[in-house]
Every structure is written in structure tokens, then in C-alpha cells.
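Biologist: Could you walk me through this structure slowly, one question at a time, and explain how each answer is reached?

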Amino acid sequence: MNNQYFEKFYSGALCLYSFDNENKSKALVEIVRVLDNPLGVAEVKFHRVFVDDTGNGFFNYLYRTGGTMNVSLKYLDLIV
């Protein structure tokens, strides 16, 4: 990934988090912080879960508890 890709993500940004494969999970998340990681990783907080296809309800759990998780930037689409 190039630096321009990283620069579009910032703390407080709202993003759609979804995958490009058979996993249908989709959620609205807020970037808590972009981690200093060459692979492109951000810590996110869930604001709304549209589909939780994790198999164990993990996205819904994080939404209910206010917990965060680290995600790859390649699965985030910037909204705001």
C-alpha cells in the first residue's frame, strides 16, 4: 500500500467495514486510531451492525459492549 492510501484514514472517521469474500458481515465503525503498522491497521469502534456473519456474534458483542478491535484498512470504506 502507498502512503496516500494511509493518509485518507484518520481518528474519528466513520467507515463501512465489510469483506470482499463469502463473509457477509457489514458494520458502521469509527476509527479510534490508525496504528503505526506497515500493513495498514486501525483500531475501530462499532456504531451499527448491519450483518453479523462472524459465526459467533462478535460484531454484535463489540457493538453492545463498546469494545474495539483492530482491522485491516483494506476492508474500510471511508464515509466521513
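The questions below concern the aromatic rings, the sheet and one loop residue.

Biologist: What kind of structure is this, and how many aromatic pairs does a search of the whole of it find?

Modeller: This is a predicted model, so what follows is computed from its atoms. When the whole structure is searched for aromatic pairs, the number found is six.

Biologist: Is the pair of Tyr17 and Phe59 stacked, tilted or edge-to-face?

Modeller: The ring centres of Tyr17 and Phe59 are 5.5 Å apart, and their planes stand at 35°. Planes under 30 degrees apart would count as stacked and those over 60 as edge-to-face, with the rest in the remaining class. The pair of Tyr17 and Phe59 is therefore tilted.

Biologist: How many residues apart in sequence are the parts that this pair ties together?

Modeller: Tyr17 belongs to strand S1, residues 14–18, whereas Phe59 belongs to helix H2, residues 58–65. Both Tyr17 and Phe59 are buried. Because one ring sits in the strand and the other in the helix, the pair ties together parts whose separation in sequence is 42 residues.

Biologist: In which class does the pair of Phe58 and Tyr61 fall?

Modeller: Phe58 and Tyr61 are three residues apart in helix H2, which separates them by about one helical turn. Phe58 is partly exposed at a relative accessible area of 33%, and Tyr61 is partly exposed at 43%. Their ring centres are 6.4 Å apart with the planes at 20°, so the pair is stacked.

Biologist: Which strands are the edge strands of the sheet?

Modeller: The open sheet has five strands in the order S4-S3-S2-S1-S5, with antiparallel pairing. An edge strand is one that pairs on one side only, and this applies to strand S4 (68–72) and strand S5 (76–78).

Biologist: Which residue in S2 does Tyr17 stand opposite?

Modeller: S1 and strand S2, residues 26–34, pair in the antiparallel sense over five bridges. In S2, the residue that stands opposite Tyr17 is Ala27.

Biologist: What angle does the direction of H2 make with that of S3?

Modeller: H2 packs on the sheet, where it touches S1, S2, strand S3 (41–51) and S4. The direction of H2 makes an angle with that of S3 of about 100°.

Biologist: Which backbone nitrogen does the side chain of Asn23 reach?

Modeller: Asn23 lies in the loop between S1 and S2, and at 22% relative accessibility Asn23 counts as partly exposed. At a distance of 2.8 Å, its side chain reaches the backbone nitrogen of Ser25.

Notes:
Residues numbered from 1 in each chain as written. Predicted model: local features only at pLDDT ≥ 70, side-chain atom pairs only at ≥ 80, totals over all residues. Heavy atoms only, no water. Phe/Tyr/Trp six-rings, centres within 6.5 Å; stacked < 30°, edge-to-face > 60°. Helix = DSSP H or I, 4+ residues; strand = E, 2+ residues; numbered from the N terminus. Buried < 20%, exposed > 50% of the residue type's maximum accessible area, 1.4 Å probe, protein only. Pairing = 2+ DSSP bridges. Contact = heavy atoms within 4.5 Å. Axes fitted to C-alpha atoms, helices over the stretch in contact; angles between N-to-C directions. Polar contact = N/O pair within 3.5 Å; in protein donor to acceptor, adjacent residues only side chain to side chain.
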